[in-house]
Amino acid sequence: WKDANGKLAMDYLVTNWTQENKMLLQTTFEKWLFSRLERWCAKSWRTVMIPLVNTLLSEDDKDRRMAMFVETCSKLKQYENVESTSI
């Protein structure tokens with residue numbers, strides 16, 4: 001859901017980078033992304049996503065971090081499409 005400015009909560013989380021936000025984003029990825037891949041038994045996908053997320057979490061440049069976040073979400077969408085068509 002977007003706010004009145006057209007932004008998602010994750011937009012704020014990724015662009016307002018503090019140690020607390022970094023830890024929150026890491027936990028979010030673990031619960032939202034990695035657990036989903038684990039449920040699909042998609043170990044090869046997980047090996048792609050973990051380094052991508054780790055790089056995102058260590059990135060200090062706001063624009064690069066946002067680009068990596070978009071890339072991460074795009075890859076997850078690709079995996080979801082593959083998973084939904086393979087059922």
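## Starting with Arg46

Is Arg46 buried, exposed or partly exposed? With a relative accessible area of 24%, Arg46 counts as partly exposed, because buried would need a value under 20% and exposed a value over 50%. Keep in mind as you look around that this is a predicted model.

You'll find Arg46 in helix α3. Setting aside its neighbours within four places in sequence, Arg46 is in contact with Phe34, Leu37, Glu38 and Pro51. Try picking out Leu33 as well: it sits 13 residues from Arg46 along the chain, and the C-alpha atoms of the two are separated by 9.0 Å.

## A look along helix α2

Now let's follow α2, which runs over residues 19-39. How far apart are its end C-alpha atoms? They are 29 Å apart, and that agrees with the 30 Å that 21 residues should span at 1.5 Å a residue. There is a bend in α2, though, of about 30° at Glu30.

Several residues of α2 are buried, namely Asn21, Leu25, Phe29, Leu33, Phe34, Arg36 and Leu37. Some of these names come back in the next part.

## The nonpolar core

The largest nonpolar core has 19 residues. Which of them touch the most other members? They are Leu25, Phe29, Leu33, Leu37, Met49, Leu56 and Phe69. The elements giving two or more residues to this core are α1 (9-15), α2, α3 (43-58) and α4. Of these, α3 gives the most, with six residues.

Leu56 is a nice residue to zoom in on. Leaving out neighbours within four places in sequence, Leu56 is in contact with Trp17, Leu25, Phe29, Arg65, Met68, Phe69 and Thr72.

## One aromatic pair

How many aromatic pairs does the count come to? Just one. Phe29 and Phe69 make up this pair, with 6.3 Å from centre to centre and 55° between the planes, so the pair is tilted rather than stacked (under 30 degrees) or edge-to-face (over 60).

The two partners come from distant parts of the chain: Phe29 belongs to helix α2 and Phe69 to helix α4 (residues 62-86), 40 residues apart. Both of them are buried.

## One salt bridge

A search of the whole structure turns up one salt bridge. Here the side chains of Glu59 and Arg64 meet, at 3.3 Å from N to O.

Are these two residues buried or exposed? Glu59 is buried, since its relative accessible area is 12%, while Arg64 counts as exposed because its relative accessibility is 52%.

Notes: Residues are numbered from 1 along each chain as its sequence is written. This is a predicted model: local features need pLDDT of at least 70, side-chain atom pairs count only at pLDDT 80 or more; totals for chains, interfaces and linings use all residues. Side-chain values use heavy atoms; hydrogens and water are left out. Rings of Phe, Tyr and Trp (its six-membered ring) pair if their centres lie within 6.5 Å; planes under 30 degrees apart count as stacked, over 60 as edge-to-face and the rest as tilted. Helices (H or I, at least four residues) and strands (E, at least two) are DSSP runs, numbered from the N terminus. Buried means under 20% relative accessible area, exposed over 50%, partly exposed in between (1.4 Å probe, protein chains only). A nonpolar core is a set of buried Ala, Val, Leu, Ile, Met, Phe, Trp, Tyr and Cys residues joined through side-chain atoms within 4.5 Å. Contact means heavy atoms within 4.5 Å. A salt bridge is a side-chain nitrogen of Lys or Arg within 4 Å of a carboxyl oxygen of Asp or Glu. The expected span of a helix is 1.5 Å times one less than its number of residues. The bend at a residue is the angle between axes fitted to the seven residues ending there and the seven starting there.
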